[in-house]
Amino acid sequence: GTVRRKLIKLIKKSRYGETHLINCLAKVGCGEQVAELIPLLDNKMDSALGNSTLFDFLINQNVIDIIKKDHKASKGTSNEIIHIKRMGILGDTGAVHYLENVTKSTDDEKIKIAAIGSLGKIISTISIGALKRLKEKEKGMLVQRLIDRSIEKIEYSMFQESFKEEQRKRDERIRKLEEEN
């Protein structure tokens, strides 16, 4: 317990290399103390697309369920928006259907916009499908444009990732050919 608390405290301070500390925490386990790491998402501006050890760790710890529970219990628009934004920043596809339902079930424009924005940060075809279903349902021009931009952002990010992967494979093939010659 003491080791976990100290590791979490050091991760929060983020002075000693977040990746190494999170790897240590993953080895000793985190338990319910993982909830203390969720506010760290607020300091991240955008999803790291799985490149951050913190994001990977939190997804593996299934914190999306904790964030959903906190969202359901939150009172006030600003608190709801904080939890909705955390879901998007985390980038866990487990939040897609939840965010879609939030968008469909609320009349509060701020919450609706935050949920669509969060869907736009979850780089997945599942998220694109949810956004397309929302586009059919939503009538407002602002929301329609936001949905279109979110879909474009996801598609562009997916294109970039596939381009990088193809480039990596090409470089590997070239390296193998050079070794053979």
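Glu165 counts as partly exposed, because its relative accessibility is 32%. In this predicted model, Glu165 forms a salt bridge with Arg168, and the closest N and O atoms of the two side chains are 2.6 Å apart. Arg168 likewise counts as partly exposed, at 47% relative accessibility. The two residues belong to helix H9, and because they are 3 residues apart there, about one helical turn separates them.

**Salt bridges**

A search of the whole structure finds 8 salt bridges. One of them joins Lys112 to Glu138, with 3.3 Å between the closest N and O atoms. This pair links distant parts of the chain, since Lys112 lies in helix H7 (residues 109-119) and Glu138 in the loop between helix H8 (125-137) and H9, 26 residues apart. Are these two partners buried or exposed? Both Lys112 and Glu138 are buried. The threshold for that class is a relative accessible area under 20%.

A further salt bridge is formed by Arg170 and Asp171, whose closest N and O atoms are 3.1 Å apart. Salt bridges with shared partners also join Glu100, Lys104 and Arg133 into one network. Arg170 has a relative accessible area of 38% and is therefore partly exposed. Asp171, at 41% relative accessibility, counts as partly exposed too.

The three pairs described individually are collected below.

| Salt bridge | Closest N and O atoms |
|---|---|
| Lys112 and Glu138 | 3.3 Å |
| Glu165 and Arg168 | 2.6 Å |
| Arg170 and Asp171 | 3.1 Å |

Within the network, Lys104 is placed in helix H6 (residues 96-105). Its relative accessibility of 34% is why Lys104 counts as partly exposed. From Lys104 to Lys13 the C-alpha to C-alpha distance is 38 Å, with their positions 91 residues apart in sequence.

**Surface patches**

Lys13 is also a member of a patch of positive charge on the surface, where it gathers with Arg5, Lys6 and Lys9. Lys6 lies in helix H1 (residues 2-13). At 54% relative accessibility, Lys6 counts as exposed, because that class begins over 50%.

A second patch is nonpolar: Tyr156, Phe159 and Phe163 make up about 370 Å² of surface. Phe159 is located in helix H9, which covers residues 141-180. Phe163 has a relative accessibility of 48% and so counts as partly exposed.

**Aromatic contact**

How many aromatic pairs does a search of the whole structure find? The search finds 1 aromatic pair. Phe159 and Phe163 form this pair, with 6.2 Å from centre to centre and 25° between the planes, and the arrangement is stacked. Such a pair is described by the distance of the centres and the angle of the planes. The label of stacked applies because planes under 30 degrees apart are assigned to that class. Phe159 and Phe163 are 4 residues apart in helix H9, so about one helical turn lies between them. Both phenylalanines of the stacked pair are thus also members of the nonpolar patch that includes Tyr156.

**Overall architecture**

The protein contains 9 helices and 0 strands. Read along the sequence, the pattern is α-α-α-α-α-α-α-α-α. The C-alpha trace spans about 60 × 50 × 20 Å along its principal axes. Of the 181 residues in the protein, buried residues make up 38%.

**Two loop residues**

Asn62 occupies the loop between helix H3 (53-60) and helix H4 (63-73). Although Asn62 is not a glycine, it has a positive phi of about 60°. Asn62 counts as partly exposed because its relative accessibility is 39%.

Asp42 lies in the loop between helix H2 (18-28) and H3. With a relative accessible area of 38%, Asp42 is partly exposed. How far apart are the C-alpha atoms of Asp42 and Ile154? They are separated by 21 Å, while the residues are 112 apart along the chain.

Definitions and conventions:
Residues are numbered from 1 along each chain as its sequence is written. This is a predicted model: local features need pLDDT of at least 70, side-chain atom pairs count only at pLDDT 80 or more; totals for chains, interfaces and linings use all residues. Side-chain values use heavy atoms; hydrogens and water are left out. Patches are made of residues with over 30% relative accessible area and no salt bridge: like charges are joined within 9 Å, nonpolar side chains (Val, Leu, Ile, Met, Phe, Trp, Tyr) within 5 Å. Accessible areas come from the Shrake-Rupley method with a 1.4 Å probe; for residues, only the protein chains shown count as cover. A salt bridge is a side-chain nitrogen of Lys or Arg within 4 Å of a carboxyl oxygen of Asp or Glu. Lys and Arg count as positive and Asp and Glu as negative; His and the chain ends are not counted. The place of a charge is taken as NZ of Lys, CZ of Arg, CG of Asp or CD of Glu. Buried means under 20% relative accessible area, exposed over 50%, partly exposed in between (1.4 Å probe, protein chains only). Rings of Phe, Tyr and Trp (its six-membered ring) pair if their centres lie within 6.5 Å; planes under 30 degrees apart count as stacked, over 60 as edge-to-face and the rest as tilted.
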